Amino acid sequence: MVWAHSVSYDLINWIHLNNAIEPSEPYDINSCWSGSATILPDGKPVIMYTGITDNKHQVQNLAMPRNLSDMFLREWVKHSQNPVITPPSGVEVDNFRDPSTAWQGRDGKWRVIMGAQNGDEGKAILYQSEDFVNWEVDPNPFYATDNTGVCECPDFFPVSINGTNGVDTSVQNPSVRHVMKTGYQRRAHDYYFVGKYLSDQDIFVADTNFTGTSLDLRYDYGKFYASKSFFDYAKNRRILWGWVNESDSAQDDIEKGWAGVQSIPRQVWLDNKSGKQLIQWPIEEVEKLRGKKININGEKLGSGSILEVSGISASQADIEVVFELPEVGSAESLDVSGVDPQLLCSEEYVSRSGIIGPFGLSALASEDLREQTAVFFRIYKSSNKYIGLMCSDQSRSSLRKDLDKTTYGTFFDVDPNVKRISLRSLIDHSIIESFGEGGRVCITSRVYPSIAIGKEAHLYVFNNGTQSVLISNLNAWSMKKAEIGHQESIRFSM
């Protein structure tokens, strides 16, 4: 494994450069794994990454740019004192990896966390350094969970309690809360916890503990893992993106010559209304790819209705729709305690009628609907509140049999006074990224239609509930391809 290197002016169109870090020394000869970059006070970036040593131990190493005057930082030099961190006691030597972006405390010391495992316990280990080279371990885990296995790609960052702007990773003041994110390899999901960082004690106190149930917050309830965030100084925002792996076979990967994609970068901020969860939204730059637009307003969808969104390229599209609901008091009752929303989505499939819902989008659909990926909502009455169920149903996404067609889903709270639910989906041939309720719930899917390809792909809005819903507003765009270049194009443009 190597560190590939690409550069972009807008995070959408990219130029591939030569690899930045490759295995070459005893401390990384068997692989250069994940890590993070940190900008030091003098403006110099430094990468800390995990190396797999000649004896298969996992250690942490540093790399710095060779030439700071090169605006693309094309060459990186490994530090002479590598490895700078080796596995401490109480940590498995082959499960100690993925250093985070570092933050600087009020005492001037740098802090960094990395994922680790000891038996079934997963934990994030905290280290401190005055010079970013010599590091001391904190004897107490920064964050730990039982029966989860290794924590991967941990991330720790502040979020403002006011507004959508991001803040630098080192900010510590009363105007921010903190987010601890970890990926659990056994589950292949990224979970996050909002809480308070007691910087004088280097302790993070989460609002909630990990339960291993649907109550746990996740960035994305579909295929989205090993995510990383960073602070964008130019636009004062925190940006998140994740790895979206394949759902077809290894042989398919070999024939394609590639496997896995990065999600569209997302801006992430604290939901200031609740203060308890994050909101994610595609960065504004993705709108540069928008082409032909169509609009639908005030269209009533009665029970069993289906409406084609025509006039755009359905295989590559950006669609935003706001649904106006009937009186939610008519919703069917559901006791959600102990209910797994993902299993519920598998049972409450798109054609099974409820009272309010299912309603939503059928993406990458064939004209006869034998192939379709349905992203939809259902509304329930639960004890003293109303609950929404958002699903992404891949069960009929392709006529092919050799695919993972897992259906994804999650619950969210519904305000009965608002009576509107929004959905935005970015559709790109084999990937659908969906953002429900303004980005409070997100589901990413990989699908491989065999009929609904290119011009044979269709996009529909539907309602299979017994109660009518109204398309209050729908905007959809054909999307152009992002430009992907190589190092030679940089030389040509310089």
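A residue is called buried when its relative accessible area is under 20%. Keep that cut-off in mind for the cysteines below. The structure here is a predicted model.

**Cysteines**

Cys442 has a relative accessible area of 0%, so Cys442 is buried. Three other cysteines also count as buried: Cys32, Cys345 and Cys391. The table lists their values.

| Residue | Relative accessible area |
|---|---|
| Cys32 | 1% |
| Cys345 | 0% |
| Cys391 | 0% |
| Cys442 | 0% |

How many disulfides are there? The count comes to one. Cys345 and Cys391 form it, with sulfur atoms 2.0 Å apart. A disulfide needs two cysteine sulfur atoms within 2.5 Å, so this pair passes. Cys345 sits in helix H2 and Cys391 in strand S28, so the bond ties together parts that are 46 residues apart in sequence. The torsion about the S-S bond is about -80 degrees, which means the disulfide is left-handed.

Why does Cys442 have no bond with its closest cysteine sulfur? That sulfur belongs to Cys345 and is 15 Å away, too far for a bond. Cys32 is in a like position. The closest cysteine sulfur to Cys32 is in Cys153, at 15 Å, and this too is too far for a bond.

**Thr50 and its surroundings**

Cys32 also turns up beside a threonine. Thr50 is in contact with Cys32, leaving aside neighbours within four places in sequence. Among the other contacts of Thr50 are Ser31, Trp33 and Ser34. Gln58, Val59, Gln60 and Asn61 are in contact with Thr50 as well. So are Phe96, Arg97, Asp98 and Pro99. Thr50 itself lies in strand S4, which covers residues 45–52. Is Thr50 buried or exposed? Its relative accessibility is 0%, so Thr50 counts as buried.

**The second largest pocket**

Now to empty space. Rolling a probe the size of a water molecule over the atoms shows where such space is left. The second largest pocket has a volume of about 1,500 Å³. Its lining is made of 47 residues. Leu217, Gln277, Phe411, Phe412 and Asp413 lie nearest its centre.

Which elements give two or more residues to this lining? They are strand S15 (189–198), helix H2 (341–347), strand S28 (385–393), strand S29 (408–414) and strand S30 (420–428). S29 gives the largest share, six residues. H2 and S28 are on this list, and they also hold the two disulfide cysteines, Cys345 and Cys391.

By class, the lining has 18 nonpolar, 14 polar and 15 charged residues.

Notes. Residues numbered from 1 in each chain as written. Predicted model: local features only at pLDDT ≥ 70, side-chain atom pairs only at ≥ 80, totals over all residues. Heavy atoms only, no water. Helix = DSSP H or I, 4+ residues; strand = E, 2+ residues; numbered from the N terminus. Buried < 20%, exposed > 50% of the residue type's maximum accessible area, 1.4 Å probe, protein only. Contact = heavy atoms within 4.5 Å. 1 Å grid on protein atoms, 1.4 Å probe; cavity = no way out; pocket = protein on both sides within 12 Å on 5 of 7 lines; lining within 4 Å. Points joined across faces, edges and corners; volume = space filled by probe spheres on them. Nonpolar A, V, L, I, M, F, W, Y, C, P; charged D, E, K, R; others polar.
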